[in-house]
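Me: I am in my first year and would like a careful, close look at one part of this structure. Please start from a single contact and work outwards, so that I can follow each step while I look at the picture.

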Amino acid sequence: MSILFNPLLNAFIKVFDVREIFPLITVTIDLIDMPALENYLTQMVAQWDTLNLRITNQLTRKTDFYLSNVMISEKVPGFAWQSIPEWSEQLALRQQMIDLTTRRFYKL
C-alpha cells in the first residue's frame, strides 16, 4: 500500500487542488513579542502548498499545531522557537503535518 501511495499522492497533487483532496490542518502562529519571526514562520508555512493548511494567529479548538516563542498549550502539539528554526526543525514540523494529513486521509 505504501509503495502505491506516494505515486498516487503526487498525481493527485498535480491534477487536483490540495483543498479538494486533503483534510484541513489548522496551524496557529502566535509569537507574543517577536513579530518579525512570526512573519517569517507564517511565510515559511504558507509555502508548503502540498498541504491543505489554514494559518491562524489565535489558538482555538480546531488548532492542530502551534508555533510560538513560548509554550502555549500542553494539549496541542507545538513548537516554541526563539529564532529562525534550523532546517531539521522545519522538517520535523512538516513531517508531523504530513503524518497528520496521511492519518486523516486514510480515515476518509
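**From one contact outwards**

Reply: The side chains of Thr28 and Thr63 are joined by a polar contact of 2.7 Å. Please keep in mind from the start that this is a predicted model. Thr28 sits in strand S1, which covers residues 25-29, and its relative accessibility is 0%, so Thr28 counts as buried. If we set aside residues up to four places away in sequence, Thr28 touches Thr56, Asn57, Gln58, Leu59, Thr63, Phe65, Tyr66 and Leu67.

The residue beside it in sequence, Ile29, is also placed in S1. Because its relative accessibility is 1%, Ile29 counts as buried. Again without residues up to four places away in sequence, Ile29 touches Glu38, Leu41, Thr42, Val45, Ile55, Thr56, Asn57 and Leu67. Being in the same chain does not by itself bring two residues into contact, and a useful comparison for your eye is Glu74, which is 45 residues from Ile29 along the chain, with 16 Å between their C-alpha atoms.

How does S1 run relative to S3, and how many bridges join them? The two strands run parallel and are joined by three bridges, and within this pairing Ile29 stands opposite Leu67 of S3. S3 also pairs with S4, again in the parallel sense and over three bridges, and here the bridge partner of Leu67 is Phe79 in S4. Leu67 can therefore be followed from one strand to the next, since it stands opposite Ile29 and is the bridge partner of Phe79.

In a regular strand, side chains alternate between the two faces of the sheet. You can look for this in S3, where Phe65 and Leu67 point one way while Tyr66 and Ser68 point the other way, and all of them are buried. In the loop between S2 and S3 you will find Asp64, and with 13% relative accessibility Asp64 counts as buried, because the limit is under 20%. Leaving aside neighbours within four places in sequence, the contacts of Asp64 are Leu24, Ile25, Thr26, Val76, Pro77, Leu100 and Arg104.

Next come the helices, beginning with H3. Its twelve residues should span 16 Å at 1.5 Å a residue, and its end C-alpha atoms are 16 Å apart, which agrees. Buried in H3 are Leu37, Glu38, Leu41, Met44 and Val45; these residues cover an arc of only 125° around the axis, which puts them on the same side of H3. On the other side of H3, Pro35, Ala36 and Ala46 are exposed. An α-helix has 3.6 residues a turn, so residues three or four places apart point the same way. The cover over the buried residues of H3 includes S1, S2, S3 and H4.

H4 can be read in a similar manner. It runs over residues 87-107, and its 21 residues reach 30 Å from the first C-alpha to the last, close to the 30 Å expected. The buried residues Gln90, Leu93, Met97, Leu100 and Thr101 belong to H4, and, seen down the axis, the buried residues fall within an arc of 100°, so they line one face of the helix. Trp87 and Ser88 are exposed on the face of H4 turned away from that buried side. Among the elements that cover the buried residues of H4 are S1, H3, S2, S3 and S4.

Leu93 is a good place to see this packing in detail. Without neighbours within four places in sequence, Leu93 is in contact with Met44, Val45, Trp48, Leu67, Phe79 and Trp81. Leu93 and Leu67 both appear among the residues with the most contacts inside the largest nonpolar core, which has 18 residues; the others in that group are Leu41, Val45, Trp48, Leu53 and Met97. S1, H3, S3 and H4 each supply at least two residues of this core, and H3 gives the most, with four residues.

Finally, the loop between S4 and H4 holds Ser83. Ser83 has a relative accessibility of 47% and so counts as partly exposed. Its C-alpha atom is separated by 9.9 Å from that of Glu38, although the two residues are 45 places apart along the chain.

Notes:
Residues numbered from 1 in each chain as written. Predicted model: local features only at pLDDT ≥ 70, side-chain atom pairs only at ≥ 80, totals over all residues. Heavy atoms only, no water. Buried < 20%, exposed > 50% of the residue type's maximum accessible area, 1.4 Å probe, protein only. Polar contact = N/O pair within 3.5 Å; in protein donor to acceptor, adjacent residues only side chain to side chain. Contact = heavy atoms within 4.5 Å. Expected span 1.5 Å × (residues − 1). Arc of directions from axis to C-beta. Pairing = 2+ DSSP bridges. Core = buried A, V, L, I, M, F, W, Y, C linked by side-chain atoms within 4.5 Å.
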